[in-house]
Amino acid sequence: MTEYLNVGKIVNTQGIKGEVRVISRTDFPEERYKKGNTLYLFQNNELVKSLTIASYRVHKNFVLLSFEGHTSINDVEIYRDGILKVAKEDTQELDDHEFYYHEIIGCDVYDETRGLLGKVKEILSPGANDVWVIQVPKGKDILIPYIESVVLNVDVTTQRIDVSLPEGLVDDED
């Protein structure tokens, strides 16, 4: 049975020529949304159809996609709120120290002095480097930058991440 990975959510249409507005959740948008690639549309957790990308562009905070054979707003309106996924076997091998979001989310995060901090619940991509959101059992989430001086080791096999948090990143008054 094929396993699928979430790459985005269709939140609206864009214009009248069949483009959709997508909130992207993929690690490599330029690669994932390349013209000719296939994405799978899921609605209500069920596979509805495969879609071949005709165009990709970024506008404000959204990815805008059009699909082959969908040239009008009427063709894509029914896809609103659909989830776009990719078949897991279509993912590519990554270099050392590169990871897919699905490999990182859910990993336990350990600090060298504090022990277990919590689990990675989300990854933000605001700029030069990703920021990993760590959900702690009590208190506020911890935001850690994915940089060499902070993230010491990532083992996706054991779902363990070792970090060294800089002074002031965590409120230790609890």
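**Two domains, a six-strand sheet and two cores**

UniProt, in an unreviewed entry, places the feature "domain: RimM N-terminal" at residues 7-89. The model looked at here is a predicted one. Over residues 7-89 the chain is 10% helix and 54% strand, and the C-alpha atoms at the two ends of this stretch sit 14 Å apart. The domain assignment of the chain gives domain 1 as 4-87 and domain 2 as 101-163. Between the C-alpha centres of domain 1 and domain 2 there are 29 Å.

A good place to start is strand 1. Strand 1 (residues 4-14) and strand 2 pair in the antiparallel sense, over six bridges. One of the residue pairs here is I10 with V22 in strand 2. The two strands make a hairpin with four residues between them, and G15 in the turn has a positive phi of about 70°. Strand 1 also has strand 6 (residues 83-87) as an antiparallel partner, this time through five bridges. In that pairing, G8 has L84 of strand 6 as its bridge partner.

G8 comes up again with R25, which sits in the loop between strand 2 (19-24) and helix 1 (29-32). R25 and G8 are 17 residues apart in sequence, yet their C-alpha atoms are 4.9 Å apart in space. Setting aside neighbours within four places in sequence, R25 is in contact with N6, V7, G8, Y33 and Y101. R25 counts as partly exposed because its relative accessibility is 49%.

Helix 1 itself holds R32. With a relative accessibility of 9%, R32 counts as buried, because buried means under 20%. Sequence neighbours within four places aside, the contacts of R32 are V7, T26, N37, L39, I53, V86, D90, T91 and Y100. V7 is thus in contact with R25 and also with R32.

Further along, L47 lies in strand 4 (residues 46-59). The C-alpha atoms of L47 and K60 are separated by 29 Å, with their positions 13 residues apart along the chain. L47 is partly exposed, at a relative accessible area of 44%. Apart from neighbours within four places in sequence, L47 is in contact with Y4, Y40, L41 and F42.

Next comes the open sheet of six strands, whose order is 10-9-8-7-12-11, with mixed pairing. Strand 10 (142-145) and strand 11 are the edge strands, each pairing on one side only. Direction ignored, neighbouring strands of this sheet are turned by 35° against each other on average. In general, the strands of a sheet pair through backbone hydrogen bonds, either parallel or antiparallel.

Both kinds of pairing turn up around strand 7. Strand 7 (residues 108-111) runs parallel to strand 12 (residues 160-163), and four bridges join the two. Here D111 stands opposite V163 of strand 12. With strand 8 (residues 115-124), strand 7 again has four bridges, but the two run antiparallel. V109 has G118 of strand 8 as its bridge partner.

Strand 12 has another partner in strand 11 (residues 151-155), which runs antiparallel to strand 12 and is joined to it by four bridges. Among the paired residues are V154 and, in strand 12, I161. Strand 11 and strand 12 form a hairpin too, with four residues between them. In this turn Q159 has a positive phi of about 60°.

I161 leads on to the nonpolar packing. The largest nonpolar core has 19 residues, and W132, I144 and I161 have the most contacts inside it. Two or more residues each come from helix 3 (101-104), strand 8, strand 9 (131-135), strand 10, strand 11 and strand 12. Strand 8 gives the largest share, three residues. Not counting residues up to four places away in sequence, I161 touches I104, C107, D108, V109, Y110, V120, W132, V151, N153 and V154. A second, separate core has 17 residues, including L39, L41, I53 and V63. Of these, L39 and I53 are in contact with R32, while L41 is in contact with L47. In soluble globular proteins, nonpolar side chains tend to be buried together.

Technical notes: Residues numbered from 1 in each chain as written. Predicted model: local features only at pLDDT ≥ 70, side-chain atom pairs only at ≥ 80, totals over all residues. Heavy atoms only, no water. Pairing = 2+ DSSP bridges. Domains from an automatic or database assignment. Buried < 20%, exposed > 50% of the residue type's maximum accessible area, 1.4 Å probe, protein only. Contact = heavy atoms within 4.5 Å. Axes fitted to C-alpha atoms, helices over the stretch in contact; angles between N-to-C directions. UniProt positions renumbered as here; feature names shortened; annotations may be inferred. Core = buried A, V, L, I, M, F, W, Y, C linked by side-chain atoms within 4.5 Å.
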